[in-house]
Amino acid sequence: MATNILSIGQSALAAAQVGLSTTGHNIANAATPGYNRQVIVQSAAQAQNFGFGFLGQGTEISTVKRVYSEFLGTQVRSAQTTKSGLDSYYSQIKQLDNLLGDPASGLSPAIQSFFSGVQELSSNPASIPTRQAALSSAESLASRFQSMAGRFQEMGQGINTQITSSVGVINSYATQIAQLNDAIGRTQGTSGQPANDLNDQRDQLILDLNKEIKTTVVKQGNGDYNVFVGNGQPLVVGVTASSLTTIASPTNPQKIEVAYPTPSGPVLVGGASLVGGKLGGLLAFRSQTLEPTQAALDTLAIGIATTFNAQHRLGQDLNSNPGGDFFTVPSATVGASGFAVTITDPRLIAAAAPIRTAAASSNTSTATISAGSVNAPPPPNVNLTQPVRITFTSATTFDVTGTGTGNPTGVTYTPGATLTYNGWSATISGTPITGDSFNITANTGGVGDSRNALLLGALQTANVLNGGTTSYQGAYSQIVAQIGSKTRELDATSSAAGKLLSEATLSLQTESGVNLDEEATNLLRYQQAYQAAGKVMQIASQMFDVLLSLGR
Amino acid sequence: MRISTLNMFETAGTRISDLQSGLARTQQQIASGRRLLVPSDDPAGTVRALEITQSQSLNTQYGVNRQQAKSALGSMEGALSSVTSLLVDVKTSVIAASNGSLSDSERGFIATELRGRFDELLGLANTRDGLGNYLFSGFQTATPAFVQTPTGALYQGDQGNRLVQVDATRQIAISSTGKSIFQGGGQDVFQTLNDLIVLLQTPGTAGLSAGLATAGSNLDLALDNVLTVRAAGGTRLQELDALDNTGEDRNIQYSQSLSELQDLDYAHALTQLTQQQTTLEAAQRSFAKTASLSLFNFL
């Protein structure tokens, strides 16, 4: 019997030791990321029938298990991947928000100062310094466009680098998870007991992987985790890890895309299927914000250059030559970074109109002719500057003579109606008398004329973009508004996702996390159990002593 | 409910860090004086501010343009006022020449004096502005408006009126052509003056009084014509002053709107700063207190 008591005490002592070890392990790992608290599963040892009844045989530890909920773990992973994705998107778009928010670096002040230069020019068309100033303000508009486009390209390159590094991290995690699948399988297979710490490590790796990309985890019967990304591309299957790779986009070599290797070469993983996590956020930012914004800036640059050129080409420069292109219209592939000023000689700014009108000195009536304007669109009519004479043959009819007009006769006169010949338009008003004539001629030497500069200046507020619905400033404002609204939206959604994540984490931690006060209690409990077991063994020993002393 | 010790620390850390970034933001607003630091602070407000800034910049530019217009109209008025007094002087000479007691040589003296006046008038008609542009030759500001001919002067300019954008919807003429000033109103002042000189140089009194009468009436027409042009210039100057006033009013409105959109309400911001400080301090203190509670302290 005494041996039985001794062995009962011994089993209690051993159990208390296991309890103390487990508690110590919990305390040691209280701050370890991904650690789930462990508890011992203790039960009474099988009792023995002594005829008078069953006598307990002490205690035994059946296993040490970790307290972990698959369900809560999946919730945390899912919240984490959403949060990481939004954070990564937000941190990128915030850069654009800051770029556009800086009053000194935006496009607005450059557009305004450019048009101030054009206005100054319209007040002093003959002044070379004023022309030079207008040209300089155009140069600074061009350099602002180029620097903004450059900033966007830099961001694009930064995203390329981050995609590559994120794919590297994902591949490294995949390898580690496959290794852990292997280690866990073998450990649990040989011992028949759960490999708690290895399981913790693997769950933590899956969580870390979800910070990079959203995954689907399928737990196998043998305890392996199979991990899939995107549209079901396998990343880890059993003990085998696949890898993702990066290749230059077939449509744009400047752009890095995610691919998975196949024997016949890498195949693109559609960006739309790679969501969540840092990588998903980067891809979403690039396709939903960076590229559309770049495209909008390119469209604006092309729009300004095209519309300004169109008016400029209807004018006449200081050398009395027809206006050429003022800006270099960037090609759609080059975009805003190709926006440049074509003109370098300030004399070549076409501030004047190529024609002028005059009433003949011999006219006897007070009928007047307007200053005349050149009809859009360019190129101007080849006969634009041919001299044209309008001669009244009666108070209500006139003849037109001049190359290109077809020399019509007996045209009906309507006061104030627009007359259009050779690509110009003018109006005659008043009551002409037979014999009155009006001349339209080339504006040779018209250096003080700023009619075209006034029309160029009017472009600042005219709705000439997007099919005549938006002004230059309006188009830029739309870009600012879109970035501002999206940043604001992401700020809100990201902080909501953050709340969701902390709630999910709290739920999981409530169940699985280590509470040091609880462990302190356990420590006391197992310490006392140990002491009590020792006492039992001491008593068994004393009983044995009593037996031995009987023979003396 | 169980609480994980790690989670307790992490939650407190996140909360304190959130409070700190809120505090930093308010501090940044106070330091910059701006309510809108980035477009996301208020996308609609930012766009509105961009539009108002453009309107204000245009309004300022129209003000600059108006100064240019005023200066051009002022130069024109200066030249034309000299033309007016010159014509008045010539009229006085015409009256003096009509004195029947004058000899041929005395009329010759008047003719000589009038020749000087002719040159002076031609000079005035070819007045240039500070940048060397001829005022009265229409668009061809690099070409002298008039050249002398045996019978008077020939207008070399054109009929273009130079315009300046002085308001969003108003362009104002800052020039009048030499033709309309000196050869308008049914007379040609150079020819009148030349004819008068020839008349006074001609010996004898045959046709003198008739010629002088023609000269006198033509000079009256010329004076009227110049005064009409000056009156038109004066009206434009008045309009520019009126536009200046509305431009200044508008500028104040734009500044106010911009200030309402962009500027920080300091009272509000400072109150918020104090409140955020208090919250942060409370969070820090309460964390320090709860974190130090541990059963291990009693073992």
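Modeller: Two residues count as being in contact when their C-beta atoms, placed from the backbone, lie within 7 Å. Keep in mind that this is a predicted model.

Colleague: Okay, what does L193(B) touch, leaving out residues up to four places away in sequence?

Modeller: L193(B) touches V90(B), L114(B), R117(B), F118(B) and L121(B). Each of those pairs therefore has its C-beta atoms within 7 Å.

Colleague: What makes chain A more spread out than a compact globule?

Modeller: Set the two numbers side by side: its radius of gyration is 43 Å, while the globule rule gives 24 Å for 552 residues. The value is well over the rule, so chain A is more spread out than a compact globule. Its C-alpha atoms fill a box of roughly 165 × 50 × 40 Å along the principal axes.

Colleague: How do you know that α4(A) reaches close to the span expected of it?

Modeller: It has 64 residues, and at 1.5 Å a residue you'd expect 94 Å. From first C-alpha to last, α4(A) reaches 93 Å, so the two agree closely. Just after α4(A), G192(A) takes a positive phi of about 70 degrees.

Colleague: Which residues have the most contacts inside the largest nonpolar core?

Modeller: A174(A), I177(A), A301(A) and L193(B), in a core of 158 residues. Helix α4 of chain A, residues 128–191, gives the largest share, 19 residues.

Colleague: And what makes I8(A) and L523(A) part of a second core?

Modeller: They belong to a separate set of eight residues, which also includes A15(A) and A16(A). A core takes buried residues, so I8(A) and L523(A) each have 20 or more other C-beta atoms within 10 Å.

Terms used:
Residues are numbered from 1 along each chain as its sequence is written. Chains are lettered from A and ligands numbered from 1 in the order in which they are written. This is a predicted model: local features need pLDDT of at least 70, side-chain atom pairs count only at pLDDT 80 or more; totals for chains, interfaces and linings use all residues. The radius of gyration is taken over C-alpha atoms; the globule rule is 2.2 Å times the number of residues to the power 0.38. A nonpolar core is a set of buried Ala, Val, Leu, Ile, Met, Phe, Trp, Tyr and Cys residues joined through C-beta atoms within 7 Å. A residue is buried if 20 or more other C-beta atoms lie within 10 Å of its own, exposed if 12 or fewer, and partly exposed in between; C-beta atoms are placed from the backbone. Helices (H or I, at least four residues) and strands (E, at least two) are DSSP runs, numbered from the N terminus.
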